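Trainee: Could we go through this one together, slowly? I'd like to see how you reason it out.

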Amino acid sequence: MGKDSGELKEYQPLLKDFKEPSLLLAVWAAGIGGTFQCGYNTSIINAPTKAVQSFINQTWTERYNTEISTQVLTLLWSTIVSIFTLGGLVGASVGGTLAIRFGRKGTLLFNNTFALLAAFFMGLSYPSSTFELLIVGRFLTGVNAGIAICVQPMYIGEIAPRALRGAMAMGTSIFITGGILTGQVIGLNELLGKEEYWPILLSTVCIPAIMQLLTLPWFPESPRYLLIDRGDDVACKKALMWFHGPDKYHGEKEDIERERVSAGGIKPKKPWELFTDTSLRWQLLTLVVIHMSQQLNGINAIYFYADYVFTQAGIPAAKIPYATVGTGACECITALTCGLLIESLGRRALIIGGYFLMSVCCVCFTIALTFQVYPWVPYLSMMCVFAFILSFGLGPGGVTNILTTELFTQTNRPAAYMIGGSINWIAFFFIGMIFPFIVNGLKQYCFLVFLVVCCLVATYIFFVVPETKNKTFLEIQSEFQSRKNLVLHLGCVHTNEYG
């Protein structure tokens with residue numbers, strides 16, 4: 001009983017802060033038109049594959065009086081799917097600049113323009129018999145997703161109180177996984193997955209955009225942006241009172257003031273300026289490592305193998321879409337769980353633990369795919385699929401964006417998100433291009449490559465990245481500076497000994 005009472009006391013500050021409804025509503029308003037769109041547009045394209053290919057074939061025949069070749073059809077379909085990644089890269093490349101010029105909230109609102117245009121073009125493609133509009137629409141959804149995944153975590157991280165920064169920042173992952181799950185459900189035959197509904201299905205990207213346009217304007221801009229970037233003390237105070245209440249905003253105001261003094265009037269840096277700043281070397285290296293490994297850790301391979309695994313387990317082909325929905329639900333639940341654990345266990349424990357569990361799953365999955373002769377092995381493969389997704393959502397899937405916010409101060413953060421986002425989208429495109437060749441070359445042993453990646457990243461984080469839980473941005477920066485000085489000191493000692 002005494003132990004339970006102590007645990008309750010430990011969580012009372014968190015529960016007290018969460019009673020401020022405006023914070024949770026702001027996370028919802030930012031997320032529904034933000035990273036929700038990224039997840040939604042990633043999964044929504046899977047359901048109408050055959051219907052869209054049939055439409056392309058029909059349109060081609062009407063235009064040129066000949067059937068389209070298999071190679072050209074595959075090329076066009078691949079372009080429609082993969083152009084989303086190129087749009088994401090463009091969006092991530094400009095997201096930080098837009099966030100500086102128009103503010104975090106202003107950029108999120110402006111970003112809905114791309115989603116609305118995408119819905120218009122993709123919906124118009126069928127009645128106008130123009131499949132090229134699908135390519136344009138998918139590119140615009142990519143731009144929308146790239147900007148959202150860059151700016152939304154920034155906005156949420158800057159409005160959150162220090163004690164809740166990790167839990168609130170998990171909204172980014174929760175909305176991505178929620179978008180993936182929603183896209184999978186909407187794409188079922190019982191809803192909009194039937195062949196004749198595909199133009200409506202692809203046009204539904206306008207719904208989250210409209211919802212954000214109706215809700216987000218009621219919330220203030222990021223207080224940190226208002227004070228540090230704009231120098232508007234009055235607007236900052238009003239925003240803090242709105243988010244934290246008139247009695248609880250003073251501590252947050254003091255943190256922002258200290259960060260403004262530390263910035264000393266320095267303007268927000270450009271991405272290339274971060275690479276030339278030696279004081280940010282370890283933060284920047286960490287940013288590159290965690291964002292690149294988020295795509296190269298094997299999660300895409302797991303989804304690639306999922307249908308095969310479900311088929312081998314004896315699930316009928318007609319039921320496999322429902323099993324796939326189960327994987328989306330699994331990742332969504334894990335993101336919610338991570339949000340509850342992150343302020344008690346910390347960032348390091350979750351991301352290192354996640355990569356460790358993924359390493360174990362890689363070994364088990366390799367064994368399961370190698371020894372398919374035993375009747376129980378397909379079920380072990382199914383367990384590995386869900387275990388890997390759970391481990392990813394619990395660790396790298398949830399913590400990566402939070403670390404991007406926390407490792408950098410206000411003047412460096414937009415550029416850091418541009419770099420991290422660009423690396424993420426490039427790695428996403430890269431793994432999509434080379435993964436089929438990896439599978440063809442290594443077969444089931446491809447997971448040994450991902451095993452090495454997971455082990456190396458976990459080791460790097462263990463030795464380099466400090467715990468950021470419940471620390472100010474300046475305290476985190478100071479810890480990295482201390483580690484840099486320690487490395488320099490050890491280097492000098494080594495030189496003196498052998499010089």
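Here is a short chat about an empty space, a helix and some cysteines.

Mentor: Before we start, this is a predicted model, where local features need pLDDT of at least 70, side-chain atom pairs count only at pLDDT 80 or more, and totals for chains, interfaces and linings use all residues. Residues are numbered from 1 along each chain as its sequence is written, and side-chain values use heavy atoms, with hydrogens and water left out.

Trainee: Where does helix 7 bend?

Mentor: Helices here are DSSP runs (H or I, at least four residues), numbered from the N terminus. A bend at a residue is the angle between axes fitted to the seven residues ending there and the seven starting there. For helix 7 that angle is about 30°, and the spot is A148.

Trainee: Is helix 7 largely enclosed or not, and how many of its residues are buried?

Mentor: Buried means under 20% relative accessible area, using a 1.4 Å probe and protein chains only. Helix 7 is largely enclosed by the rest of the structure, because the buried residues among its 28 number 25.

Trainee: Why is there no bond from C361 to the closest cysteine sulfur?

Mentor: A disulfide is a covalent bond between the sulfur atoms of two cysteines. To count as one here, the two sulfur atoms must be within 2.5 Å. C361 is buried, at 9% relative accessibility. Its closest cysteine sulfur, in C384, is too far for a bond, at 6.0 Å.

Trainee: How many disulfides does the structure hold?

Mentor: The cut-off for sulfur pairs is the one we just used. By that test, the number of disulfides in the structure is zero.

Conventions
Helices (H or I, at least four residues) and strands (E, at least two) are DSSP runs, numbered from the N terminus. Buried means under 20% relative accessible area, exposed over 50%, partly exposed in between (1.4 Å probe, protein chains only).
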